[in-house]
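Got the viewer open? Let's take a walk through this one, stop by stop, with something to select at each.

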Amino acid sequence: MGCFDSLEVVSVSIPVLKFDAVIVGAGGAGLRSAIQLSEAGLKTAVLSKVFPTRSHTVAAQGGVAASLGNSEEDHWTWHMYDTVKGSDWLGDQDAIEFMCKKANEVVVELEHYGMPFDRTDNGKIYQRPFGGHMSNFGEKPVRRSCAAADRTGHAMLHAMYQRNVKANTQFFVEWMALDLIRDDEGHVLGVTAMEMETGQIVIFHARATIFATGGAGRIYYSSTNAFINTGDGLGMAARAGIPLEDMEFWQFHPTGVAGAGVLITEGVRGEGGILRNSNKERFMERYAPNAKDLASRDVVSRAMATEIKEGRGCGVNKDYVLLDITHLDPATIMKRLPGIHEIGIQFAGVDCLKEPLPVVPTCHYQMGGIPTHYSGRVVMQQNGDHNAVVPGFYAGGECACASVHGANRLGTNSLLDLLVFGKSAGDSAVEDLKAGRAHRDLPKDVSDKTMARISALDNRKGGANVNETRLAMQRTMQDHAGVFRFSDMLKQGVEKILEVEKAARNLEIKDKSMAWNTARTEALEMENLIEVAKATMISAEARKESRGAHVRDDAPDTAEFPNGRNDAEWHKHTLFSPVDNSITYKPVNMQPLTVETVALKTRSY
Amino acid sequence: MDRQDYERLRWRCIRRGLLEVDIALTRFLDEGFDKLDDEQQQAFVELADMEDHDLWHLISGQADIDDPRLAPIVNLLRKS
């Protein structure tokens, strides 16, 4: 441990580090928050399980949306309309206005931090079109995405990390936050954390605590998310009694390599790739007679899920379908689909020139999360107030639910989310601290919960195996709460995930060493994942309509309920309470900050 | 390589930014790493220190590496 200049000791073994602000997570949102705090002169710690530029933000390629209008006319109100529509009207319109209006500012700031955006010939930031982004309230596609080649996330992390180094942000790399510290009055006072190199548990005592821990896509068997996305912030919030919002909404991509999750670009179907079931049948002909394999993402994903559910999946477990390009000219494949051949060999063990690729709808992005106001302050229901602030607690990025993505996210709005809400969480923390928020006394039992968890893991005999428990959870989520949902499967899924939870609360590890005990770290991650999986399953079972990415077989498209959406009963946010696995709801905010409401209507493209 | 160095390396292989790199490095660590001599293991540590995109381009054959110490390990990663 390097910088213990503010070290206190509350007991013989647990050191306390005092900071103005502690940020958990060093991806895009965490780094953006830290800039605000450090540049305001506040003593700021950032904890990360990995070196910041290895955060999962590095995987973002598509770009960041902003209505700069560099290539053609654009306006933030058009972007706002697209985002509300994309969210299937579940996004809060105050937060969506806030985000779309702030987009230009945060993109230009990033440029000033040194972000190497692609340029037009006249030196402006180059903008490209992206799905769902339109001009003039849905009229025609508009060029709104700002990118740095195919490494936008990577370039963003580097630019913001350098800015933080300059601003003297203190990084605690290869540290894992374990539990949120809350006192009797509900104030958040920091986190307990573990330094992986030593296994030492430390208390980070802060005036402001900001979560930027990313998503929890690893709850699914097939996920494009890196292994690091274990929902640590959501797990910590849930254990501290804070509800999780809209957890039934997960974005899926139709074609991930079965068993690995690595994405197969939609370009493969564009070049003539054909989806087949275990009978070798080109099943898309039944679901979309005209578009066939080129039907939209959600139609293709639902068809694949139906084939698997009805027993026409392939492989020993009949849990994937095949993407066949063996009829295409090998030279065309190698030229037009670079990397696909390698992906097939590396992750499916298949030479796609000779054999079809095993594919399955694959989890990609978490729309729900820790409930926040657009200022980045965490909120929860209290004494009749749906949005009572949890003092001292802030969140931004994929772990938070502001809510701007609602029931489905538009491409390139995720990088915008982490910039805008990372910044606003930082700004709000600065504002609250300058208004006089002090360090509050740590409760006497500050680290008891954490130490009990560690001790249980170290001493338990005859408990559940971590890898087996994780696999059971991932299989349950994939089979019962996947891209297309069935009432009976969801009901069984709730029972199954509660069974898995019992195992997840009874984990055993063989390695008891202190230093670099990766088995312990993975067990602690599993305790976070299960909170998210449970919230997802129970929230999904409860929502009896189809909306955005939550599509149920028993809520089909009808004249009365277009796309299966039922606004009269279900136009509301889900709040899952981890305390007793109960669900409550809160209204969607339909009142933007300065413009007129985008009125409810059927979502169609 | 002692236990501590190995476990540190393990963490840096099983928690990457890109899923592709997670899978490739974890698999190699589990299946091929033990068979390397000390010098080759050190070369692997150097590769694991690279940025995710650069490393993935090497593993997937979209880029090549000239360094005679690292190239054989890249070849093994490509085949694993």
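**Stop 1: helix α2 of chain A**

Start by selecting α2(A), where the buried residues are Trp76(A), Thr77(A), Trp78(A), His79(A), Met80(A), Tyr81(A), Asp82(A), Thr83(A), Val84(A), Lys85(A) and Gly86(A). That makes 11 of 11 for the helix, which spans residues 76-86 and is mostly covered. Keep in mind that you're looking at a predicted model.

What do the buried residues of α2(A) pack against? Bring up β4 (64-65), α3 (93-112), β5 (127-135), β6 (140-146) and α11 of chain A, and you have the partners. Before moving on, step just past the end of α2(A) to Asp88(A), whose phi is positive, at about 55°.

**Stop 2: the sheet beside it**

Now show β4, β5 and β6 of chain A as a cartoon. These 3 strands make an open sheet with the order β4-β6-β5 and antiparallel pairing. At the edges sit β4 and β5 of chain A, each with a pairing on one side only. Zoom in on β5(A) and β6(A): they run antiparallel and are joined by 5 bridges. For a pair to label, pick Met134(A), which stands opposite Pro141(A) in β6(A).

**Stop 3: a lysine in α11**

Next, select Lys423(A), which lies in helix α11 of chain A. Is Lys423(A) buried or exposed? It counts as buried, because its relative accessibility is 9% and the cut-off for buried is under 20%. Show what surrounds it: beyond the neighbours within four places in sequence, Lys423(A) contacts Arg32(A), Gln36(A), Glu105(A), Val106(A), Glu109(A) and Leu418(A).

**Stop 4: an enclosed space**

Stay with α11 and turn on a cavity display. There is 1 cavity of 30 Å³ or more, and the largest cavity has a volume of about 80 Å³. Which of its 16 lining residues come closest to the centre? Select Ala400(A), Cys401(A), Ala402(A), Asp417(A) and Phe421(A) to see them. Two elements of chain A, β19 (400-401) and α11 (413-434), each give the lining at least two residues. Colour the lining by class and you get 7 nonpolar, 8 polar and 1 charged.

**Stop 5: a pocket with both chains in its lining**

Now swing over to the second largest pocket, with about 890 Å³ of space. It is lined by 33 residues, and those closest to its centre are Phe227(A), Asn467(A), Arg470(A), Glu522(A) and, from the other chain, Thr26(B). To frame it, select β20 (464-465), α13 (466-480) and α15 (518-542) of chain A plus α1 (3-14) and α2 (19-31) of chain B, the elements that supply two or more lining residues. The largest share, 6 residues, belongs to α15(A). By class, this lining splits into 14 nonpolar, 8 polar and 11 charged residues.

**Last stop: the cysteines**

Finish by selecting the cysteine sulfurs. How many disulfides are there over all chains? The count is 0. Try Cys146(A): the nearest cysteine sulfur belongs to Cys100(A), 13 Å away, and Cys146(A) is in no disulfide. Cys146(A) is also buried, at 0% relative accessibility. Cys314(A) is in no disulfide either, with the nearest cysteine sulfur, on Cys352(A), 16 Å away. Cys314(A) is buried too, with a relative accessible area of 8%.

How values were computed. Residues are numbered from 1 along each chain as its sequence is written. Chains are lettered from A and ligands numbered from 1 in the order in which they are written. This is a predicted model: local features need pLDDT of at least 70, side-chain atom pairs count only at pLDDT 80 or more; totals for chains, interfaces and linings use all residues. Side-chain values use heavy atoms; hydrogens and water are left out. A disulfide is a pair of cysteine sulfur atoms within 2.5 Å. Buried means under 20% relative accessible area, exposed over 50%, partly exposed in between (1.4 Å probe, protein chains only). On a 1 Å grid over the protein atoms alone, a cavity is a set of points where a 1.4 Å probe fits but cannot get out, and a pocket is an open set with protein on both sides within 12 Å along at least five of seven lines; lining residues have an atom within 4 Å of a point. Grid points are joined across faces, edges and corners, and a volume is the space filled by probe spheres set on the points. Helices (H or I, at least four residues) and strands (E, at least two) are DSSP runs, numbered from the N terminus. Ala, Val, Leu, Ile, Met, Phe, Trp, Tyr, Cys and Pro count as nonpolar, Asp, Glu, Lys and Arg as charged, and the others, Gly among them, as polar. Contact means heavy atoms within 4.5 Å. Two strands pair if DSSP finds at least two bridges between them.
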